[in-house]
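Visitor: I have a chain here that I would like to get to know. Could you walk me through it?

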Amino acid sequence: MKALLVLGLLLLSVTVQGKVFERCELAKTLQRLGLDGYKGVSLANWMCLAKWESSYNTQAINYNPGGQSADYGLFQINSRDWCDDGKTPRAVNACRVSCNALLQDDITQAVACAKRVVSDPEGIRAWVAWRNRCQNQDISLYIWGCGV
């Protein structure tokens, strides 16, 4: 009985932690989900973005200063414009998705929302981490050796 309780607690901690992708695993998943070249954005750019936004962690949440919004998931999608967290005042929810859906290990909805974000006129420049860490940098290392 005690062993079962310990196993249950261990499984619960894994569930709460979410999935942290390995670099090449994520590259292959993003390619399979159609991000490579989507709206002219290379897979290496998406990988660099995900590295610096969430460290490839599906459960990443960042509460922005002032408490007016938060960023969710692998791509750190903001609750003010893109998803509904039930807490952000005057949220737009342009992706028509719950922010919690962006925290799932299955990143299909997070990728669909990222495609929606990059389809806006600002494109990939909507992400501050991409502008600060990826733009005009050698980003080939993010997909190096992955066979993609």
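Here are some questions and answers on the fold, the disulfides and the largest pocket.

Visitor: Happy to start with the overall layout. In what pattern do the helices and strands follow along the sequence?
Guide: Keep in mind that this is a predicted model. The chain has five helices and three strands. Read along the sequence, they come in the pattern α-α-α-β-β-β-α-α.

Visitor: What share of the contacts with a separation of 6 or more is between residues 24 or more positions apart?
Guide: Let us take burial and contacts together. Of the 148 residues in the chain, 41% count as buried. Among contacts with a separation of 6 or more, the share from residues 24 or more positions apart is 52%.

Visitor: And the surface: what part of the accessible surface belongs to carbon and sulfur atoms?
Guide: The accessible surface of the chain comes to about 8,400 Å². The part belonging to carbon and sulfur atoms is 53%.

Visitor: On to the cysteines. What pattern do the disulfides follow?
Guide: Searching the whole structure gives four disulfides. Counting the bonded cysteines along the chain, the pattern is 1-8, 2-7, 3-5, 4-6.

Visitor: How many residues apart are Cys24 and Cys146?
Guide: These two cysteines are joined by a disulfide, with an S to S distance of 2.1 Å. Cys24 sits in helix H2 (residues 23-32), while Cys146 is in the segment after helix H5 (128-133). The pair therefore links distant parts of the chain, and the separation is 122 residues.

Visitor: Is the Cys24 and Cys146 disulfide left-handed or right-handed?
Guide: The sign of the torsion decides this one. About the S-S bond of Cys24 and Cys146 the torsion is about -75 degrees, so the disulfide is left-handed.

Visitor: Which of these counts describes Cys24: buried, partly exposed or exposed?
Guide: Its partner Cys146 has a relative accessible area of 3%, so Cys146 is buried. Buried means under 20%. Cys24 has 22% relative accessibility, so Cys24 counts as partly exposed.

Visitor: Where does the disulfide of Cys48 and Cys134 attach, and how many residues apart are the two?
Guide: The S to S distance in this disulfide is 2.0 Å. Cys48 lies in helix H3 (residues 43-54) and Cys134 in the segment after H5. This pair, too, links distant parts of the chain, at a separation of 86 residues.

Visitor: Are Cys48 and Cys134 buried or exposed, and is their disulfide left-handed or right-handed?
Guide: Both Cys48 and Cys134 are buried. The torsion about their S-S bond is about -95 degrees, so the disulfide is left-handed.

Visitor: What is the handedness of the disulfide of Cys83 and Cys99?
Guide: The sulfur atoms of Cys83 and Cys99 are 2.0 Å apart. Both cysteines lie in the loop between strand E3 (77-78) and helix H4 (108-119), so the disulfide ties together parts 16 residues apart in sequence. The torsion about the S-S bond is about 90 degrees, so this disulfide is right-handed.

Visitor: Is Cys83 buried or exposed?
Guide: Cys99 has 1% relative accessibility, so Cys99 counts as buried. For Cys83 the relative accessibility is 0%, so Cys83 counts as buried.

Visitor: Last topic: how do the lining residues of the largest pocket divide?
Guide: The largest pocket holds about 230 Å³ of space. Its lining includes Glu53, Asp71, Trp82 and Trp127. The lining residues divide into six nonpolar, two polar and three charged.

How values were computed: Residues numbered from 1 in each chain as written. Predicted model: local features only at pLDDT ≥ 70, side-chain atom pairs only at ≥ 80, totals over all residues. Heavy atoms only, no water. Disulfide = S-S within 2.5 Å. Helix = DSSP H or I, 4+ residues; strand = E, 2+ residues; numbered from the N terminus. Buried < 20%, exposed > 50% of the residue type's maximum accessible area, 1.4 Å probe, protein only. 1 Å grid on protein atoms, 1.4 Å probe; cavity = no way out; pocket = protein on both sides within 12 Å on 5 of 7 lines; lining within 4 Å. Points joined across faces, edges and corners; volume = space filled by probe spheres on them. Nonpolar A, V, L, I, M, F, W, Y, C, P; charged D, E, K, R; others polar. Contact = heavy atoms within 4.5 Å. Areas by Shrake-Rupley, 256 points an atom, 1.4 Å probe, with all protein chains shown as cover.
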